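Here is a friendly briefing to read with the model open beside you. Please keep the viewer at hand and look up each residue as it comes along.

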Amino acid sequence: MKVWSYLVVSLVLFGGVNAVISPAKAEEVCKVTDPTGTPLNVRDVPNGRIINQLKNDKEVYILEIAYDNKERPWAKISGYHNGKYRVWGWVFREFISCYNR
């Protein structure tokens, strides 16, 4: 009976039945994972001019996917640098790894 009482109290205090049975939403996190170990080139357009570089493990957001004339995937990425959000440009999609946190 005590366990049931704790469950009822938990339901009342923490938002009802839905709070107990609803799964938590996972956040997708993407990071630079260039297997060469060198900074990943960021380009102005897919396979275009290099405008920046990002180090491995930098968290990024994928905004768009496009393909170059050889059908290779490119990702337009953004993220935070010194607390400010910015759109960086295009990187080779295969060097970005995403997972749920």
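A residue is called buried when its relative accessible area is under 20%, exposed when that value is over 50%, and partly exposed in between, with a 1.4 Å probe and protein chains only. On that scale, 24% of the 101 residues of the chain count as buried. The model is a predicted one: local features need pLDDT of at least 70, side-chain atom pairs count only at pLDDT 80 or more, and totals for chains, interfaces and linings use all residues. Residues are numbered from 1 along each chain as its sequence is written, and side-chain values use heavy atoms, with hydrogens and water left out.

**Overall layout**

- The chain holds two helices and seven strands; helices (H or I, at least four residues) and strands (E, at least two) are DSSP runs, numbered from the N terminus.
- Followed along the sequence, these elements give the pattern α-α-β-β-β-β-β-β-β.
- Among contacts (heavy atoms within 4.5 Å) with a separation of 6 or more, 46% are between residues 24 or more positions apart.
- About 7400 Å² of the chain is exposed, and carbon and sulfur atoms supply 55% of that area; accessible areas come from the Shrake-Rupley method with a 1.4 Å probe, and for residues only the protein chains shown count as cover.

**Strand pairing**

- Strand β1 (residues 28-32) pairs with strand β7 (residues 96-100) in the antiparallel sense, over five bridges; two strands pair if DSSP finds at least two bridges between them.
- To find this pairing in your viewer, start from Glu28, whose bridge partner in β7 is Asn100.
- Strand β1 is also joined to β4 by two bridges, and these strands run antiparallel.
- Here Cys30 has Val60 of β4 as its bridge partner.

**Aromatic pairs**

- Rings of Phe, Tyr and Trp (its six-membered ring) pair if their centres lie within 6.5 Å; planes under 30 degrees apart count as stacked, over 60 as edge-to-face and the rest as tilted.
- The whole structure contains four aromatic pairs.
- Tyr61 and Tyr80 make an edge-to-face pair, because their planes stand at 75°, with ring centres 6.4 Å apart.
- Tyr61 lies in strand β4 (residues 59-67) and Tyr80 in strand β5 (residues 73-81), so this pair ties together parts that are 19 residues apart in sequence.
- Both rings belong to partly exposed residues, with relative accessibility of 38% for Tyr61 and 46% for Tyr80.
- Trp74 and Phe92 are also edge-to-face, with 5.5 Å centre to centre and 65° between the planes.
- That pair links distant parts of the chain, 18 residues apart: Trp74 is in strand β5 and Phe92 in strand β6 (residues 84-92).
- Trp74 and Phe92 are both buried.
- Ring pairs also join Tyr61, Tyr80 and Tyr85 into a cluster.

**A nonpolar surface patch**

- Tyr61, Leu63, Tyr80, Tyr85 and Val87 form a nonpolar patch on the surface, with about 490 Å² of accessible area together.
- Strands β4 and β6 are the elements that give two or more residues to this patch.
- Patches are made of residues with over 30% relative accessible area and no salt bridge; like charges are joined within 9 Å, and nonpolar side chains (Val, Leu, Ile, Met, Phe, Trp, Tyr) within 5 Å.
- Leu63 belongs to strand β4 and is partly exposed, at 44% relative accessibility.

**Salt bridges**

- A salt bridge is a side-chain nitrogen of Lys or Arg within 4 Å of a carboxyl oxygen of Asp or Glu, and two are counted here.
- In one of them, Arg72 and Asp68 meet with N to O at 2.8 Å; Arg72 is partly exposed at 27%, whereas Asp68 is buried at 8%.
- Arg49 forms a salt bridge with Asp44, with the closest N and O atoms 3.7 Å apart; Arg49 is exposed at 55%, and Asp44 is partly exposed at 33%.

**Backbone points to look at**

- Most residues other than glycine have a negative phi.
- Asn47, in the loop between β2 (40-43) and β3 (50-54), has a positive phi near 60° and is partly exposed at 39%.
- Asn82, in the loop between β5 and β6, has a positive phi of about 55° and is exposed at 70%.
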